[in-house]
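Please look over the protein shown below, beginning with its aromatic side chains and then turning to the overall fold and the loops.

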Amino acid sequence: MDETTTAEADALREIVEHYFDKEWTDGLPVVPVTETLLAEFLATVARDPDEVLFSITHLNRHLTVRLAAINAAMAGCRSEYFPVVVAAWEAIAKEPHPARGIWQSTTGTAPLLVVNGPVRERIGLNSTGNIFGSGFRANATIGRAIRLGCINVFGLHPHKLDQATQGTPAKYSACIAENEEQSPWPALHTEHGFEASDDVVTAFVIRSVIHIEARHTQSPEQLARDLTDTIVRTGALIHEYTSALLVLTPEHADVFASAGWSKDDLRSFVYDNAVRKREDLVAVGKDALSHKTRWRLAATHPDSMPDSASQTEEPDEVRALSNPTSIQIMVAGADNAGVSAVVEIFTLNPPRVHPYSHQQIGATA
């Protein structure tokens with residue numbers, strides 16, 4: 001390494017350290033942003049740089065196209081990823097909870113982005129092996145662009161405005177693509193009225209990603225009950241109802257499809273069977289609701305009120321889902337094992353019929 005190169009490397013290191021000193025990072029080094037680099041990002045979208053994409057009004061802070069571009073560049077995105085980042089922010093803006101401060105909450109939720117359409121191939125988004133892991137620049141940096149925007153625009157620093165008790169690894173980055181090519185069913189975005197050729201981002205607010213090891217069965221009923229049992233675990237039942245995204249590997253999707261099950265068949269089965277015995281909820285002190293927050297608590301608590309199931313003909317059978325559409329289904333991951341995932345979606349009361357929001361990439365807001 002010659003003296004000039006060494007001097008340039010030292011200067012770059014000083015800039016990176018300056019970003020750390022300013023607390024403009026998520027704990028990892030970021031890419032320094034120049035006006036030239038910023039211009040490359042802004043040139044990929046036909047949007048006014050001062051257009052506001054997302055606001056948290058109680059913080060009086062607003063994310064513009066320009067600020068989204070700066071944070072995408074800092075995250076390590078290539079400029080051609082930026083239209084996906086813009087659509088992601090627009091999808092997030094349609095979600096009810098981020099604008100109300102859920103990302104400041106002790107619950108420690110994070111955004112999850114799902115990308116569908118030909119853009120997956122164009123920019124190299126991973127939809128197969130290690131889908132929730134590392135190794136793919138587009139996945140890693142698009143998700144990170146959202147997190148850096150949260151930190152640098154909205155001030156959601158841990159121990160400050162971000163009061164998460166434990167948080168989740170998804171806070172670093174959570175962006176996956178659907179493995180449409182190995183899915184036996186219509187892609188996620190086409191269920192919502194988009195064409196297969198449309199590029200779409202779907203945004204969820206999530207708590208956890210829990211994997212289901214089920215390499216032993218070709219029975220759709222057994223596999224569906226395994227997924228359902230995870231959805232209704234008592235630790236996840238913080239409100240009266242919950243929601244989930246099933247991320248099935250091609251092998252598991254084929255178990256259902258080969259038996260003639262559609263996505264709606266699986267959804268209906270899970271909805272019908274996502275029921276806890278009241279005695280299970282009594283055992284963990286979650287057999288009633290708070291009349292203030294409608295979070296689950298014990299019936300013996302002075303703030304308690306009966307849940308909806310208590311007023312039915314089967315009060316000891318407590319439903320965990322309010323609607324079959326509380327379950328969303330997509331296919332992602334490698335076709336090499338019977339390992340799928342339940343993504344726990346954060347919802348509040350009243351329950352949402354559709355616990356997600358989407359935005360077409362390149363569309364006018």
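Which residues do ring pairs link into a cluster? In this predicted model, the cluster joined by ring pairs consists of Phe54, Trp89, Trp103 and Phe154.

## Aromatic pairs

The structure contains ten aromatic pairs. One of these is formed by Tyr19 and Trp24, an edge-to-face arrangement in which the ring centres are 5.3 Å apart and the planes make an angle of 90°. The two partners are covered to unlike degrees, since Tyr19 has a relative accessibility of 10% and therefore counts as buried, whereas Trp24, with a relative accessible area of 35%, is partly exposed.

A further pair is made by Phe41 and Phe82, whose ring centres lie 6.0 Å apart with their planes at 65°; because planes over 60 degrees apart count as edge-to-face, the pair belongs to that class. This pair connects distant parts of the chain, as Phe41 sits in helix α2 (residues 35-42) and Phe82 in helix α4 (residues 82-94), with the two positions 41 residues apart in sequence. Phe41 and Phe82 are both buried.

## Overall fold

The protein comprises ten helices and 14 strands. Its radius of gyration is 22 Å, close to the 21 Å that the globule rule gives for 365 residues, so the protein is as compact as a globular protein of that length. The C-alpha trace extends over about 75 × 50 × 40 Å along the principal axes.

Of the 365 residues, 52% are buried. Among contacts with a separation of 6 or more, 78% are between residues 24 or more positions apart.

## Surface and charge

The exposed area of the protein is about 16,200 Å², and carbon and sulfur atoms supply 50% of it. The protein carries 30 positive and 47 negative charges, and the mean positions of the two sets are 6 Å apart.

## Loop residues with positive phi

Most residues other than glycine have a negative phi. Against that background, two loop positions deserve a look. Glu23, which is not a glycine, has a positive phi near 60° and lies in the loop between α1 (3-21) and α2. With a relative accessibility of 38%, Glu23 counts as partly exposed.

Asn60 also has a positive phi, in this case about 55°, although it is not a glycine. Asn60 belongs to the loop between β1 (52-56) and β2 (61-64), and its relative accessible area of 60% places it in the exposed class, because that class begins over 50%.

## The loop around Phe132

Where in the chain is Phe132 found? Phe132 lies in the loop between α5 (119-123) and α6 (137-152), and it is partly exposed, with a relative accessible area of 31%.

Setting aside residues up to four places away in sequence, Phe132 touches Ile176, Val209, His211, Val247, Ala341 and Val343. The C-alpha atom of Phe132 is also separated by 9.5 Å from that of Ser173, a residue 41 positions away along the chain.

Notes:
Residues are numbered from 1 along each chain as its sequence is written. This is a predicted model: local features need pLDDT of at least 70, side-chain atom pairs count only at pLDDT 80 or more; totals for chains, interfaces and linings use all residues. Side-chain values use heavy atoms; hydrogens and water are left out. Helices (H or I, at least four residues) and strands (E, at least two) are DSSP runs, numbered from the N terminus. The radius of gyration is taken over C-alpha atoms; the globule rule is 2.2 Å times the number of residues to the power 0.38. Buried means under 20% relative accessible area, exposed over 50%, partly exposed in between (1.4 Å probe, protein chains only). Contact means heavy atoms within 4.5 Å. Accessible areas come from the Shrake-Rupley method with a 1.4 Å probe; for residues, only the protein chains shown count as cover. Lys and Arg count as positive and Asp and Glu as negative; His and the chain ends are not counted. The place of a charge is taken as NZ of Lys, CZ of Arg, CG of Asp or CD of Glu. Rings of Phe, Tyr and Trp (its six-membered ring) pair if their centres lie within 6.5 Å; planes under 30 degrees apart count as stacked, over 60 as edge-to-face and the rest as tilted.
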